[in-house]
Amino acid sequence: MTVYVIAMVMWMDQSYKVASNQMIYTSESLCEAARVMLVERLKRSAPSNVDTAIMSKCIKLTEEDLMLTGDKV
């Protein structure tokens, strides 16, 4: 099984936040579509008086990645 998640780093002035929308996507194309919409929404809602930057990427996770952590689902 392969799934995708959105990983984000958001900078505001001198601080940052690592975030995700806590969703799992079954295809890269669904993940990318959601990522683009999420970034656009964040840009529109960002305060205009603060320097902001957003980095985001859809990350592919496979069963092998799960096995490396030792977690079970």
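**Exercise 1. Strand pairing**

Which residue is the bridge partner of threonine 2 in E3? Use the pairing to describe the sheet in this predicted model.

*Solution.*
Step 1. The bridge partner of threonine 2 in E3 is threonine 62.
Step 2. This pair belongs to the contact of strand E1, residues 2–12, with E3; the two strands run antiparallel and are joined by eleven bridges.
Step 3. Adding E2 gives an open sheet of three strands in the order E2-E1-E3, with antiparallel pairing.
Step 4. Strand E2 (15–19) and strand E3 (52–62) each have a single partner strand and stand at the edges, so one side of each lacks a neighbour in the sheet.
Step 5. From one strand to the next, the twist averages 15°.

**Exercise 2. Order of elements and the place of helix H1**

State the pattern that the chain follows along the sequence, and locate helix H1 relative to the strands.

*Solution.*
Step 1. The chain contains two helices and three strands.
Step 2. Read along the sequence, these elements follow the pattern β-β-α-β-α.
Step 3. Helix H1, residues 28–45, lies across E1 and E3. Its direction makes an angle of about 20° with E1.

**Exercise 3. The disulfide**

Identify the cysteines that form a disulfide, and explain which parts of the chain the pair ties together.

*Solution.*
Step 1. A search of the whole structure yields one disulfide.
Step 2. The disulfide is formed by cysteine 31 and cysteine 58, whose sulfur atoms are 2.2 Å apart; the cut-off for such a pair is within 2.5 Å.
Step 3. The link of cysteine 31 and cysteine 58 is left-handed, with -105° about the S-S bond.
Step 4. Because cysteine 31 lies in helix H1 and cysteine 58 in strand E3, the pair ties together parts that are 27 residues apart in sequence.
Step 5. Buried means under 20% relative accessible area. Cysteine 31, at 0%, is therefore buried, and cysteine 58, at 8%, is buried as well.

**Exercise 4. Overall dimensions**

Compare the radius of gyration of the chain with that of a compact globule of 73 residues, and describe the exposure of the chain.

*Solution.*
Step 1. The chain has a radius of gyration of 14 Å, whereas a compact globule of 73 residues would have one near 11 Å.
Step 2. The C-alpha trace spans about 45 × 25 × 15 Å along its principal axes.
Step 3. Of the 73 residues in the chain, 16% are buried.
Step 4. The chain exposes about 5800 Å², and carbon and sulfur atoms supply 57% of this area.
Step 5. Among contacts with a separation of 6 or more, 60% involve residues 24 or more positions apart.

Technical notes
Residues are numbered from 1 along each chain as its sequence is written. This is a predicted model: local features need pLDDT of at least 70, side-chain atom pairs count only at pLDDT 80 or more; totals for chains, interfaces and linings use all residues. Side-chain values use heavy atoms; hydrogens and water are left out. Two strands pair if DSSP finds at least two bridges between them. Helices (H or I, at least four residues) and strands (E, at least two) are DSSP runs, numbered from the N terminus. Axes are lines fitted to C-alpha atoms, for helices over the stretch in contact, and angles run from 0 to 180 degrees between N-to-C directions. Contact means heavy atoms within 4.5 Å. The radius of gyration is taken over C-alpha atoms; the globule rule is 2.2 Å times the number of residues to the power 0.38. Buried means under 20% relative accessible area, exposed over 50%, partly exposed in between (1.4 Å probe, protein chains only). Accessible areas come from the Shrake-Rupley method with a 1.4 Å probe; for residues, only the protein chains shown count as cover.
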